[in-house]
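Please read these notes with the structure open beside you. They take up helix packing, aromatic rings and a few single residues.

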Amino acid sequence: MSEHWAQGALVVLGASEEQIPLYQEARRRGISTVAVDMRADAPAIPFADIALIISTRDTDAIADALGAARPAGIVCGASDAALASWHALSLRYGTTYVYPKSALVAGDKATFHEIAAVCGITEYGRTASDNLDEVVAKAERLRFPLVIKPADGSGSKGVTLVTCSVDLPTAVARARSYSASQVVLAEEFIEGRPLAIEVFMQDGRALLTCIKDKDFVDGSFVVRRLRTAELPSTSRSQLEAHVQRLCLALGIVDGPANFDAVLGTDGQARVIEANARLGGDGVPRLLAAAYGVDVVRALVSLALGEPFGDHLAPTRNAHGALELIGSPLAVEGELIAWEGVTEARDIPGITDIELFAKPGDRVRPHDQSGNKIGLIVAAGPTVADALSALEKASALVRPVIRPNTEATNGATA
């Protein structure tokens, strides 16, 4: 790659569909972009000026490709894999914003639980180990049901709900197969209201906090729908205090983070996981629809060393709802067509419909976040209004998929 192209460019670590808005924002500013992704066919590659087909984890290879050029900034969106490189490359090139090394521990779910305990956040039973027999033995002494997951996983990959001890060995082995560290975490399942919390910090305080209800694809922990949450003021204040405290414990003074939490049936809020980066699954579009804020512009400004707070100032006081579209099939298939999209866009309250798959693409079962093929976003003065518009649109938008095998219960979905 010519160093001329990298000089003064924004280096974007990752080129998934989640990252496309970063490239679009850079182009809007007239800044060239360098995409880094191990996939030559990654969805955001066409939006970049230059592409480096390199793993975002391979810091040295990225630096070798960039050579002596000095990028204007390094940035990463909804990708855990690239966070260590974000920190290392920021230091190497002396960018104004350096991703904090301390925030990397959020990627280890077992360590994060220890941080949450130190912060005084309500704990629950858990155990973690890279020894499968040890995890199984200690998990048997916890309160069932249990959630078994890779300690360093993301996107709901390798996560299983276990209701009895006989199923533990299979679930633990599955979780380990998705873990780079080979560490498996077993934790007690918390009954209550599942929540997702988006935070953007500035100078050590949460400038933006959005708490969202979330629904899952049946029988899984894969998010299907998000909507802005209406909560009692005491619960909201408790959660806002929790996540700000956790951000500071992770060393996130400026920048985004997101958390998974449960408001338990006992009224206590428990923070389950943390992601020390911008939220995925279309969350930036949901925040724009509900509040008129632009977290993507704020993140790019932060990466470039520019003021970013104005992008997070709400310009409307509404509610938002988002639905992630996935294949309804239990097997892989080929997308034949999309139906109902034009009609759905005309529904009052619909703000965005994004389709990540096009006819001819292979689509996989919606058993992990990365397999979504589209999303719909709606806004309204109340949660009920936003949900009503969303449900009307989702009833119209239909992916027509041809299964790649006869092992299905139905024909085209």
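1. Helix axes here are lines fitted to C-alpha atoms over the stretch in contact, and the angle between two of them runs from 0 to 180 degrees, taken between N-to-C directions. Two packed helices are described by the angle between their axes and the distance between the axes. The model is a predicted one, and the points below should be read with that in mind.

2. Start with helix α6 (residues 132-139) and helix α7 (residues 168-177). Their axes are 10 Å apart and meet at an angle of about 130 degrees. That angle makes α6 oblique to α7, because angles from 65 to 115 degrees count as roughly perpendicular and those over 145 as roughly antiparallel. The crossing of α6 past α7 is right-handed.

3. Which residues make the contact between α6 and α7? On the α6 side they are Leu 132, Val 135, Val 136 and Ala 139. On the α7 side they are Leu 168, Pro 169, Val 172 and Arg 176. Sorted by kind, the residues of this contact are 7 nonpolar, no polar and 1 charged.

4. A second helix pair is α3 (residues 59-66) with α4. The angle of packing is about 40 degrees, and the axes lie 10 Å apart. The two helices are therefore oblique to each other, since only angles under 35 degrees count as roughly parallel. α3 also passes α4 in a right-handed crossing.

5. The contact between α3 and α4 draws on Thr 59, Asp 60, Ile 62, Ala 63 and Leu 66 from α3. From α4 come Ser 85, Ala 88, Leu 89, Arg 92 and Tyr 93. This contact divides into 6 nonpolar, 2 polar and 2 charged residues.

6. Turn next to the aromatic rings. How many aromatic pairs does a search of the whole structure find? The search gives 6. One pair is Trp 86 with Tyr 99: the ring centres are 4.7 Å apart and the planes are at 20 degrees, so the pair is stacked. The cut-off for stacked is planes under 30 degrees apart.

7. The two partners of this stacked pair are 13 residues apart, with Trp 86 in helix α4 (residues 83-93) and Tyr 99 in the loop between α4 and α5 (109-118). Trp 86 counts as buried at 1% relative accessibility, and Tyr 99 is buried with a relative accessible area of 2%. Trp 86 and Tyr 99 also belong to one aromatic cluster with Tyr 97.

8. Is Ile 121 buried or exposed? Ile 121 has a relative accessible area of 3%, so this residue is buried. Its place is in the loop between α5 and β5 (126-129). Leaving out residues up to four places away in sequence, Ile 121 touches Ala 116, His 242, Arg 245, Leu 246, Ala 269 and Val 271. Arg 245 is 124 residues away along the chain, yet the C-alpha atoms of Ile 121 and Arg 245 are separated by 9.5 Å.

9. Leu 207, in strand β10 (residues 205-216), is partly exposed, with a relative accessible area of 26%. Setting aside neighbours within four places in sequence, Leu 207 is in contact with Phe 200, Met 201, Gln 202, Gly 309 and Leu 312. The C-alpha atoms of Leu 207 and Ala 88 are separated by 26 Å, with their positions 119 residues apart along the chain.

Definitions and conventions. Residues are numbered from 1 along each chain as its sequence is written. This is a predicted model: local features need pLDDT of at least 70, side-chain atom pairs count only at pLDDT 80 or more; totals for chains, interfaces and linings use all residues. Side-chain values use heavy atoms; hydrogens and water are left out. Helices (H or I, at least four residues) and strands (E, at least two) are DSSP runs, numbered from the N terminus. A crossing is left-handed if the near helix is turned anticlockwise from the far one by less than a right angle, and right-handed if clockwise. Contact means heavy atoms within 4.5 Å. Ala, Val, Leu, Ile, Met, Phe, Trp, Tyr, Cys and Pro count as nonpolar, Asp, Glu, Lys and Arg as charged, and the others, Gly among them, as polar. Rings of Phe, Tyr and Trp (its six-membered ring) pair if their centres lie within 6.5 Å; planes under 30 degrees apart count as stacked, over 60 as edge-to-face and the rest as tilted. Buried means under 20% relative accessible area, exposed over 50%, partly exposed in between (1.4 Å probe, protein chains only).
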